[in-house]
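Me: I would like to go through a protein model step by step. Please show it to me, and I will ask about it afterwards.

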Amino acid sequence: MHEFSLVLNIIDIVTEYAVKENAKEVKEVEIEVGELSGVVYDALEFALQAAVKGTLMEHSSVQINLIKGLARCTECLHEYETDSLFKPCPECKNCAPDIIGGKELRVKSIVIE
Ligand SMILES: [Zn+2]
């Protein structure tokens, strides 16, 4: 499962930070997931619950924030929200936008104790 390896990556990042800071436990983790990242939200949450067992994140409260897709038209430079990679520009109907937001998957903040 794609999401599982992403989750292991997230846990690695968080654990590395917590160990460096001599934390006993990770209290909170905030993750940002772009709507266009290809990550399935439910699968991510499920993988997370399974993968944190036995790690410093086992008792953390994890918040997953969905980030809206943002496109910029390559013709008229209009910027608009999108839920697909190929949504035409609402201004000039050009169908090949640059995707400038919504493809990210990152750890936004970590609270340790
Ligand atoms: Zn346009």
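Reply: This is a predicted model, and the questions below take up its metal site, a pair of helices and two strand residues.

Me: Which residues are the protein donors of the zinc ion?

Reply: The donor atoms lie 2.3 Å from the zinc ion, and each is an SG atom. In sequence the donor residues follow the spacing C-x2-C-x12-C-x2-C. The donors are Cys73, Cys76, Cys89 and Cys92.

Me: What is the arrangement of the 4 donor atoms around the zinc ion?

Reply: Four donors count as tetrahedral if all angles lie between 85 and 135 degrees. Here the angles subtended by the 4 donor atoms run from 102 to 116°. The arrangement is therefore tetrahedral.

Me: Is cysteine 89 buried or exposed?

Reply: A residue is buried when its relative accessible area is under 20%. For cysteine 89 the value is 1%. Another donor residue, cysteine 92, has 34% and is partly exposed. Cysteine 89, at 1%, is buried.

Me: How are helices H1 and H2 oriented to each other, parallel or oblique?

Reply: Helix H1 covers residues 2-20 and helix H2 covers residues 41-51; they pack at an angle of about 55°, with their axes 9 Å apart. Angles under 35 degrees count as roughly parallel, and 65 to 115 as roughly perpendicular. The angle between H1 and H2 falls in neither range, so the two helices are oblique.

Me: Is the crossing of H1 and H2 left-handed or right-handed, and which residues of H1 make the contact?

Reply: The crossing is right-handed. On the H2 side, the contact involves Ala43, Leu44, Ala47, Leu48, Ala50 and Ala51. On the H1 side, the residues are Glu3, Phe4, Val7, Leu8 and Ile11.

Me: Where is isoleucine 99, and how far is its C-alpha atom from that of cysteine 76?

Reply: Isoleucine 99 sits in strand S5, residues 98-101. Leaving aside neighbours within four places in sequence, isoleucine 99 is in contact with Leu36, Leu70, Ala71, Thr82, Ser84 and Leu85. Along the chain, isoleucine 99 and cysteine 76 are 23 residues apart, and their C-alpha atoms are separated by 14 Å.

Me: Is asparagine 65 buried or exposed?

Reply: Asparagine 65 is part of strand S2, residues 61-67. Beyond residues up to four places away in sequence, asparagine 65 touches Glu30, Ile31, Glu32 and Val33. The relative accessible area of asparagine 65 is 17%, and buried means under 20%, so this residue is buried.

Notes. Residues are numbered from 1 along each chain as its sequence is written. This is a predicted model: local features need pLDDT of at least 70, side-chain atom pairs count only at pLDDT 80 or more; totals for chains, interfaces and linings use all residues. Side-chain values use heavy atoms; hydrogens and water are left out. Donors are N, O and S atoms within 2.8 Å of the metal (3.2 Å for Na, K and Ca); water is not among the atoms, so sites may look incomplete. Four donors count as tetrahedral if all angles lie between 85 and 135 degrees; four count as square planar and six as octahedral if opposite donors are over 155 degrees apart and all others between 65 and 115; anything else is irregular. Buried means under 20% relative accessible area, exposed over 50%, partly exposed in between (1.4 Å probe, protein chains only). Axes are lines fitted to C-alpha atoms, for helices over the stretch in contact, and angles run from 0 to 180 degrees between N-to-C directions. Helices (H or I, at least four residues) and strands (E, at least two) are DSSP runs, numbered from the N terminus. Angles under 35 degrees count as roughly parallel, over 145 as roughly antiparallel, 65 to 115 as roughly perpendicular and the rest as oblique. A crossing is left-handed if the near helix is turned anticlockwise from the far one by less than a right angle, and right-handed if clockwise. Contact means heavy atoms within 4.5 Å.
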